[in-house]
Structures are given as C-alpha cells and as structure tokens.
Amino acid sequence: MKAGPETRAEEEDPMLVRDLMSAPAQTCGAEETLSGAAEAMRRAEIGSVIVVGDGKVAGILTERDLLRAAAAGVEPGAEPVRLWMTANPDVLGPEEDAGAAWTSLSHHHYRHLPVVEHEQLIGVVSIRDLFGAASLRPAGEHAADAPKGLEGVVVATTTIGDVRGREGFYHYRQYSAVDLAASRTFEDVWYLLFNGELPDLDQARAFAAETRSLRSLPDGLATVLPSIALAGTPLDVLRTGVSLFGAELGWQPISDGDVETVRSEALRLAAAVPTILATAYRIRNGLDPVAPRDDLPFASNYLWMLSGEAPDPAHARAIDQYLIIATDHGFNASTFTARVITSTQADLAAAICGAIGALSGPLHGGAPSRALDMLDAIKTPENAEPWLRSAVEHNERLMGFGHRVYKTEDPRSTFLRNVAQSLGGPLVGFAKTVEEIAVRVLAELKPGRELYTNVEFFAGVVMHSCGVPREMFTPTFAAARTVGWTVNVLEQMADNRLIRPTARYVGPPPPQPVPPT
Ligand SMILES: CC(C)(COP(=O)(O)OP(=O)(O)OC[C@H]1O[C@@H](n2cnc3c(N)ncnc32)[C@H](O)[C@@H]1OP(=O)(O)O)[C@@H](O)C(=O)NCCC(=O)NCCS
C-alpha cells in the first residue's frame, strides 16, 4: 500500500485533470485481500483503491464493490481483490480538461477514475475532487456560479420592456412607462403589451369592448367565493380564486404553439381579477358584491366594484395611472416565477398563482400597506427622525425604500409622488417629510447603498387618497401585474425551454454509509 493522497488544486484556466487529481493514488495489488484494501480506504478516508500490477492500472476497487462482497457473504480476509474489482477501468490523461473528467464520471456513474501518463498510474480523480478542488457542479461541464439573488444575471431575452437602474428609467415595448402613464389609459397599455404596438382609436374601442365583456366570474367561482373570502388575506383569496378560475374553465397545460388559446385565457383572467378582488373584499366586509359594469374603463370599474359608488374622476384617473406604472417591471421575482412555471408547460392559472405567491412577500409587493403602517407608527413629523434612525440602527428595513435595480430614485416613485401631490390631502405632506428624512438617514447609516423611495411608498399614499382600503393595496398591484405576468407567459411559451438551474452542494461529503436503525 502507498501513502495517503495529497490533493493538488492549483488555480489554472482551463482547469486540467493534473490540477485537481489526488496524487499519489491509493493502490493495492490484485492478489491482496478485501480486508487489506478496505483498511487502506478507511485509513485514507477515501472511497476506492486503484489495483495495479507493474505500475500499470489493472482495475479499481470501490466501496460499492466491498458492499457487494459483504452482501455475498465472502470472507474478506481471504478473498482476493481481483475477484471483486472492475478490471481495465476507463482512465483519464493528466492534460485532459476538468470538463472531460466530469463527463466521464457522470456519464458512466463512476465515482473515481485513475489518471495515467505513459501507461503509468500517477493519480486519481474523484467526484469529491471535482466538487471541492475544481469547483465543478453536477449540472455539466460548463456550470458557473451566479451571484446570490441572481443579481445582474441575464436569464432570458425579452421584447416586453426593460429596467435601467442607473438611469432611473423603464419602458414597455420602447415607450417610457412614465410617459405612457401621463398620457394613455391602462387599457391602451394592456393592448400595447399584448400586441406590441399602441392601438389606434378603432383598435382601442374594439379592445375595450372585448375585455370589458370578460369581467364577470364563472358561476362556480362566484358560488364558492363567499365561502373562501374570509380565509387569509385578500391576496390569498385571489390566489385560490385564480386557481379555481382556471380549473372551472378547464384550462389545460400549455402546449407549444397554441398561443391563441392562452392569449384568450390571459385576457379573460386579467379582465376578471378586479372582479375576484372586489367581490372578495365586499364579502369580507359584510357587503353585497357589486357586479362589474361594461360601460366603465378598467380603473373606474374597479373602484365602482369596491365601493358601489360612481368614482370621482380624479381618483379613477390616479388609479388608472398607478395601474399603468405597476403593470410590468422587468424580471422581478413574481414575473420570473410565472415564467419558470410556464417553462414546465403548466397551465396559465398555475403560473399566475405562483406569481401571486411571489408578489405577496414584503420584499416584493407586500410593501405598500406596510409603508403606510410605518407612517402610522411614526405619527408626527417631529417623531420621524428618531423613529427612522432607531429602525435603521436596529437593522430594520424601511418599507418603500431601496430597490435591487434602481440605484437612483425609482421613476415610479417620482411619478406617484406627483400624482399624490395633485390629489392633495394631509397624508401627502407628511409622507414627503418622512421620505426626505428617511433618504438622509439611510445615506448616513447605510452609506454607499443608494437607498431611495421605491414604487411602494407613494403607491400606498395614492391608493389611500383614492379610497382604496389598505388591505387592497397589494391586491390592486396584483390586478395591474396580472397583465404583465400574462404577457410574460405568452413570451415564454413562444420560445420555451424548461428553466432548470442548479445549486452547489456544500454539505458533508457524500456518500456516507446510512446508519443502521
Ligand atoms: C427591495 C429590496 C428587497 C432590495 O434588496 P436587495 O437589492 O437584495 O438589497 P440588500 O438586501 O442586499 O440590501 C443592501 C443593503 O441595503 C440595506 N437596505 C436595503 N433596503 C433597505 C431598507 N428599505 N431599509 C433599510 N436598509 C435597507 C440592507 O440592510 C443592506 O445593508 P447592509 O449592506 O448593511 O447589509 C430591499 O431594498 C428592501 O428590503 N426594501 C424594503 C422592502 C420594500 O420596499 N419592498 C418593495 C420593493 S419594490
């Protein structure tokens, strides 16, 4: 027997077998006994020995072979290795690259391969070497680490829109979303996202007629909503409602090329989500549901269904603008979730249920009501500085501040601040005071992080000013985002490949023997 292994893990590019093999390899002769070989493996804490004769590789004996021998009931002190080894195993050359080693090991389900140069054994490569020294991963030869949170990683191409964090700009199909919010209606933007271009007057009229006729709920869902409306949050109810919606309408797994079916489903769902939400809200609050109206635009109809009263035009327009601002926003967590689910060819309802789940988290869409809760907790302008300072010093997150992509003011926040200001009311002035102090406190206590208000801060203020109840803030966000999600579903299915990344295993080295019970 030779001495224990010594791992060579030099940093070279490309990584070669020579750089990651263990050398010298643990060896034994073909006529040695299984117990001798097992003892050598145990001492060296490795899972195989290379069987040699005249320095040449004759075979390989692994822990699996020992287990097979034990199961067969042989006497390990007398049994020669020759009878249990794999004779003439595949070997690697030292100058082969690490990818080749991985391919050989994974394709043949080997755990170890001898490394041979000029017919002489010079080392051994194990799966463990590949994981540890070569930092390769089981996804294949070309696996690469992505930064935590996938920050900055491009995972798809899209023609839907783009977010430019440094510029503080985002667009829908090349039009600034903020400019669209200033001059167009939510229905126009919905049309733009679905069809790739803004509608002319006739197209807008036809699209409005088509989508307004889709607002009512299927009978089964309308019957079930009263019994689920009180469970959980309104967003929970929406998630369940969307699931039932798809099930009742018999939506099928997405199949390649059937874009028209999914397009119809997408329009129907986005048209009906406000109805699910408003119906659930009213039932939760002991009120009779209000049926949708097909003579009102999207936002006005939503406010009508929530309150049962004709909305103030200024409020309807403010909500319309908020919905435009919130329709889509790059590869955010919920959109990515919808695309991942679509990539499995699951049905549209499954993709949107998953997206709603992702949106519900406070780090994503769950912030606007929490931002308003924060204003409530601060209470007075005088209390803002000490309250915010203490929160940041205690490592709490200020809701409505910070963004993964924007490292300057979020353009949605700038726009909604103006909308809030035009609506007026006491909350707006207070919110602006808190914003100013929060940005200053964050700059001082979290220098270099570039933390400003995000969409959620003034979204809460706008919705509050328009009479949208606080519990409906994130659900209203979901109503707008359903359009963005469904457009992303359509784009994903048009050029699909299963989204299936991988993770680096960093636990104790496998395989470990399973302890007896
Ligand atoms: C949106 C958000 C999740 C982005 O997070 P991210 O890009 O992953 O940023 P990180 O979590 O890596 O944070 C970076 C640093 O900024 C700090 N930070 C980020 N947002 C903060 C906030 N709102 N309040 C206080 N500190 C914040 C973090 O504590 C961290 O500080 P550290 O370097 O001392 O650890 C994050 O800014 C946040 O939690 N905001 C509050 C929730 C919110 O408004 N969500 C709605 C998003 S539209």
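**Exercise 1. Determine what share of the contacts in the chain with a separation of 6 or more comes from residues 24 or more positions apart.**

Solution. Begin with the criterion: two residues are in contact if their C-beta atoms, placed from the backbone, lie within 7 Å. Among contacts with a separation of 6 or more, residues 24 or more positions apart account for 72%. The model is a predicted one, in which local features need pLDDT of at least 70, side-chain atom pairs count only at pLDDT 80 or more, and totals for chains, interfaces and linings use all residues. Numbering starts from 1 along each chain as its sequence is written.

**Exercise 2. Describe the overall dimensions of the chain through its radius of gyration and its box.**

Solution. First, the radius of gyration, taken over C-alpha atoms, is set against a globule rule of 2.2 Å times the number of residues to the power 0.38. For a compact globule of 517 residues the value would be near 24 Å, whereas the chain has 31 Å. Next, along the principal axes the C-alpha atoms fill a box of roughly 95 × 55 × 45 Å.

**Exercise 3. Establish the strand order of the open sheet formed by 4 strands, and how its strands pair.**

Solution. Strands are DSSP runs of E with at least two residues and helices are runs of H or I with at least four, both numbered from the N terminus; two strands pair if DSSP finds at least two bridges between them.

1. The order is β3-β4-β5-β6, with mixed pairing. At the edges, pairing on one side only, stand β3 (27-28) and β6 (86-87).
2. β3 pairs with β4 (residues 48-53) in the parallel sense over 2 bridges; C28 has V51 of β4 as its bridge partner.
3. β4 and β5 run antiparallel, joined by 6 bridges, with G53 opposite K56 in β5. The two form a hairpin with 2 residues between them, and D54 in the turn has a positive phi of about 55 degrees.
4. β5 and β6 are also antiparallel, joined by 2 bridges; I60 is partnered by T86 in β6.

**Exercise 4. Explain why β5 is largely enclosed by the rest of the structure, and identify the helix that packs on the sheet.**

Solution. A residue counts as buried if 20 or more other C-beta atoms, placed from the backbone, lie within 10 Å of its own. In β5, 5 of the 7 residues are buried, so the strand is largely enclosed. Helix α2 (residues 34-44) packs on the sheet and touches β3, β4 and β5 (56-62). The direction of α2 makes about 130 degrees with that of β4, where axes are lines fitted to C-alpha atoms, for helices over the stretch in contact, and angles run from 0 to 180 degrees between N-to-C directions.

How values were computed:
Buried ≥ 20, exposed ≤ 12 C-beta atoms within 10 Å, placed from the backbone.
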